[in-house]
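Below is a short report on one helix pair and on pockets. The coordinates come first.

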Amino acid sequence: MSIRVRFAPSPTGVLHIGSVRTALFNWLFARHNSGKFLLRIEDTDKLRSTDENTKLIFEILKWLEIDWDEEPVIQSSRIERHKEIAEGLVKQGKAYYCYCSPEELESKKEEAKKKGIPYKYDGTCQNRTDIPEGINPVIRLKADIAGATTIHDLVQGEVTVKNSQLDDMILLRSDGTPTYMLSVVVDDHDMGITHVIRGDDHLTNTFRQIQIYKACGWDIPTFGHIPLIYGPDGSKLSKRHGAVSANDYKELGYLPEAIFNYLLRLGWSHGDDEIISKENAINWFDFDNVGKSPSRFDMAKLQNLNAYYMRQKENSSLFDVLKYYINTQLTKQQEAYILKGLNSLKERAKTLVELADASNIYINAPTSFDESCSKYSTPKHIDALKQVINIIEEMNVLIEEELCSRVKELARSLDMKLVDIAQAIRGALSGKLVSPSVFEVMSIIGKTESTLRIKRYISYYDD
RNA sequence: GUCUCCUUCGUCUAGGGGUCUAGGACACCGCCCUUUCACGGCGGCAACACGGGUUCAAAUCCCGUAGGAGACGCCA
């Protein structure tokens, strides 16, 4: 039988980066085994679900090139089916109507808590004969509390839970809508899911869900529960750690390739391999090498990977994604400048946001000079800069190597170090003391613009 | 509280009884390259949670302890 897996996010919030990893592992497993990767939007909580979140789920998956098969299933459209199953179970005597009010149950929970015993629904309504008027009942499953249930989890291995831990869970709410437990099981069954791969926060739910499978007489799929991703301090990943939603990482300037590779290596490994292409990921992926322990999100490693993929990326396609992060409309000339300078720019940036910022040297002349520039603004430096202007003017076109050697010559004749003149030029060109090679920059922006920037620097300091 | 899961350098991990004086990557530190910053190259720091077993031999198997996480909803 061919493998069918699904990714089933709920659009009640932003798409968590940990969920993206779950999607990735599902996708890899499907592609590795030539199976199907399906999507299901779990939007039964209509109050908290938004179309915006749903849209973002599709966008992020596309961005990462995690493609899905078949039409996505919208869970809310299947409520009638869920209801039908729940009512069918009542008819078969495997489930029953429960008229206990939320208040009654609440007080029973309180009581159990006081006594220090775990709360379980006591089954009051299982044999109820007096049907109260005017109360909308819920449907509860009759739990089979005998024996134990064991699963062979793809990640966690053999896990056994005593059935006495379980109680009669609610399948259908009093308003007639299905609970999560019911809808996942019914949908997974109807979609023909063979392997349920999800976060390990669902591990204990699995045993409840198996009860539903059994009551319905359906085949139980194979489960795989992957550990969650935590923040750098081991607590739940939250906003204060930087970013939680996958979309945030895009905005922060990360390449999808970097996110893909980072997420893949977080919790899964293939020997000492660190840089893994999509093709190899598909070829190599398996659950034997998924770790059981939770992992922490390390922004520094992501940045390193991102820097690597930016350097690897061919300039024109890197420029295409870079445009998204540059806020101004570029002229044809500015585009050409950036493209020429990209080789040097890209090895100095860790994110696309940084790269966009560094590209500014080819877009705008500095409007101010960093405090640190003043160190290179003594009369000696100013004099040298004036002579640099002379050199520029003597040249027909600014050729990087020639310009460099002529300025070196100048430094010798003035008995200065090259670094002193170069830093003064850098300040003039960028307003900062950090940039790609000044000779490269000047050769790209040309004689006029170079001269202009240097002159401005001179008049700023020389008065 | 009950149940379930987890525990190798700061972080991600390799390791599945002897080849482990525990390997790689990121981060950090130093050196080299160098017009700055980076890139790159070389080197360094740094871990088997603890306690018992089993065994000739344990990071690796078993049992405890401690710590961490998750579940226990008419949320998903």
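The axes of helix α8 (residues 256-265) and helix α10 (residues 299-312) come within 8 Å and cross at roughly 135°. That angle makes α8 oblique to α10, because angles under 35 degrees count as roughly parallel, over 145 as roughly antiparallel, 65 to 115 as roughly perpendicular and the rest as oblique. The crossing of α8 and α10 is right-handed. On the α8 side the contact (heavy atoms within 4.5 Å) is made by E257, A258, I259, N261 and Y262, and on the α10 side by K301, L302, L305, N306 and Y309.

This is a predicted model, in which local features need pLDDT of at least 70 and side-chain atom pairs count only at pLDDT 80 or more, while totals for chains, interfaces and linings use all residues. Residues are numbered from 1 along each chain as its sequence is written.

Pockets were sought on a 1 Å grid with a 1.4 Å probe; a pocket is an open set of points with protein on both sides within 12 Å along at least five of seven lines, and lining residues have an atom within 4 Å of a point.

| Pocket | Volume | Nearest the centre |
|---|---|---|
| Largest | about 1100 Å³ | A8, S10, S19, D201, H202 |
| Second largest | about 380 Å³ | D357, A358, S430, K432, V434 |

The largest pocket has 42 lining residues, divided into 17 nonpolar, 14 polar and 11 charged. Helix α1 gives the largest share of this lining, 5 residues.

The second largest pocket is lined by 20 residues. Elements giving two or more of them are α13 (352-359) and α16 (418-430), and α13 has the largest share, 3 residues.

How values were computed:
Chains are lettered from A and ligands numbered from 1 in the order in which they are written. Side-chain values use heavy atoms; hydrogens and water are left out. Axes are lines fitted to C-alpha atoms, for helices over the stretch in contact, and angles run from 0 to 180 degrees between N-to-C directions. Helices (H or I, at least four residues) and strands (E, at least two) are DSSP runs, numbered from the N terminus. A crossing is left-handed if the near helix is turned anticlockwise from the far one by less than a right angle, and right-handed if clockwise. Grid points are joined across faces, edges and corners, and a volume is the space filled by probe spheres set on the points. Ala, Val, Leu, Ile, Met, Phe, Trp, Tyr, Cys and Pro count as nonpolar, Asp, Glu, Lys and Arg as charged, and the others, Gly among them, as polar.
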